[in-house]
Amino acid sequence: MSRVNIKSTIKMQIEGIKKVIIEKLEKAGFTIESLAISTSDEIISKVEIKEKEAIDIIQKAQNALGVQPLTALKFLELESKRGKITTTSNELDGILGGGIWTQELTEIAGGFGSGKTQLCFQLCINVQLPKEEGGLDGNAFFIDTERTFSPRRIVEMASYRELDVESILNNIYIGSALNTSHLFSIVEQLNDTIPEKNIKLLVVDSFASHFRSEYIGKGRLVERQQRIMQIAEQLIALAVKYDIAVVVTNQIIANVEEFLFGSPEEPALGFAWAHRPQQRLFLRKSRGSSRIARLFDSSRMPEREALFYVTESGITDAPFPTEFYS
Ligand SMILES: Nc1ncnc2c1ncn2[C@@H]1O[C@H](COP(=O)(O)OP(=O)(O)OP(=O)(O)O)[C@@H](O)[C@H]1O
Ligand SMILES: [Mg+2]
């Protein structure tokens, strides 16, 4: 699969800024969206221009995006241009409104073996596909906190689809986060890595594990929540700034109060976290290789369920490995 040059995917036009400067900004990985929320120092550190020019660029980028209130119609137009990554299951894509969206934080929660990591692997492959095939012509960054990243599984999934396996592997960047502070440093560095490596999908699998194992007991709950919110804000900022999809996985816990009357299980990390992701997907095992995904807490889609399968070929709509090629 050919690596797509960042330049060709961004059509940046900012009125009143010289073409040559726009080219420099694009080369440094800036988009109109990222310029609009950058500081002049951030721009100067990457592009050789004066502070006055940087301030002017920020203002013009903000104007181009419309810092003036947007009409709902304009909002709809901008939303329709946002990219989506297919999950490879039409059913699952359906409840998600076309796949995993850019500029959003999507949570995938579920119990052991429910398919969270498998879905993340599939997305790491699919993001590399051309747009007409459900990808974003971009690369993936996988933050692995549980040492479960499996290149062999990626090879297996990619081979089923007759993709260039070496290229697929070459375009997935992996950061192993050994604890929460390590996770924070990796996320901080992403401001450079995302534009540099044309990252279009960021995965944190599992987002919950280090927080749950490091901040134990009620005494550390406030601190834990603060750290979770801090990193959630950073992830959302990255999603918007670089127009990328951010997917995090979460574990489930027993919901004692609801055990008899409501759902006996709920995603971990508590109430404050629950409001951060724009989409929350709850996976549960069903018969054989089938899985049920429930979309909940979405600001844009109704609460619905989809049936999909985790097979040798990856995420599919069918219980057996599907032949993707005709
Ligand atoms: N090569 C494969 N072929 C077919 N099915 C597979 C393959 N590899 C994994 N699976 C399926 O995926 C399941 C594991 O799913 P996954 O690793 O995504 O779980 P998870 O939700 O991430 O769980 P955990 O919370 O433990 O990380 C296995 O139980 C199996 O059903
Ligand atoms: Mg997993």
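**Exercise 1.** Does Asn-198 count as buried or exposed, and how many C-beta neighbours does it have inside 10 Å?

*Solution.* The model is predicted, and the assignment follows from a neighbour count. The cut-off to apply is that a residue is buried if 20 or more other C-beta atoms lie within 10 Å of its own. Asn-198 has 21 C-beta neighbours inside 10 Å, and therefore counts as buried. Its place in the chain is the loop between helix H11 (180-196) and S6. The backbone of Asn-198 adds a further point, since this residue has a positive phi of about 55° although it is not a glycine.

**Exercise 2.** Locate Asp-137, and decide how its backbone and its burial are to be described.

*Solution.* Begin with the position: Asp-137 belongs to the loop that lies between H8 and strand S4 (139-144). Next take the backbone, where phi is positive at about 55°, although Asp-137 is not a glycine. The general expectation is that most residues other than glycine have a negative phi, and that most peptide bonds are trans. Finally, Asp-137 has 22 C-beta neighbours inside 10 Å, so it counts as buried.

**Exercise 3.** Find the cis peptide bond that joins Asp-205 to Ser-206, and place Ser-206 among the secondary-structure elements.

*Solution.* The peptide bond that runs from Asp-205 to Ser-206 has an omega near 0°, and is cis. Ser-206 itself sits in the loop between S6 and helix H12 (208-214).

**Exercise 4.** Describe the sheet, from its strand order to the helix H13 that packs on it.

*Solution.* First, nine strands form an open sheet with mixed pairing, and their order is S5-S4-S6-S7-S3-S10-S11-S12-S13. The edges are strand S5 (172-176) and strand S13 (314-316), each of which pairs on one side only. From one strand to the next, the twist averages 25°. Within the sheet, strand S3 (residues 104-110) and strand S10 (residues 279-285) run parallel and are joined by five bridges; Ala-109, for its part, has Phe-282 in S10 as its bridge partner. Helix H13 (residues 221-241) packs on this sheet, where it touches S3, strand S6 (199-205) and strand S7 (245-250), and its direction makes about 125° with that of S3.

**Exercise 5.** Which elements each supply at least two residues of the shell around ligand 1, and what is the composition of that shell?

*Solution.* The elements are helix H8 (116-126), helix H9 (151-160) and strand S12 (304-311), and H8 provides the largest share, three residues. Of the 15 residues around ligand 1, those that come nearest are Phe-112, Gly-113, Lys-116, Thr-117 and Gln-118. By class, the shell divides into two nonpolar, nine polar and four charged residues.

Definitions and conventions
Residues are numbered from 1 along each chain as its sequence is written. Chains are lettered from A and ligands numbered from 1 in the order in which they are written. This is a predicted model: local features need pLDDT of at least 70, side-chain atom pairs count only at pLDDT 80 or more; totals for chains, interfaces and linings use all residues. A residue is near a molecule or strand if its C-beta atom, placed from the backbone, lies within 6 Å of it. Helices (H or I, at least four residues) and strands (E, at least two) are DSSP runs, numbered from the N terminus. Ala, Val, Leu, Ile, Met, Phe, Trp, Tyr, Cys and Pro count as nonpolar, Asp, Glu, Lys and Arg as charged, and the others, Gly among them, as polar. Two strands pair if DSSP finds at least two bridges between them. Axes are lines fitted to C-alpha atoms, for helices over the stretch in contact, and angles run from 0 to 180 degrees between N-to-C directions. Two residues are in contact if their C-beta atoms, placed from the backbone, lie within 7 Å. A residue is buried if 20 or more other C-beta atoms lie within 10 Å of its own, exposed if 12 or fewer, and partly exposed in between; C-beta atoms are placed from the backbone.
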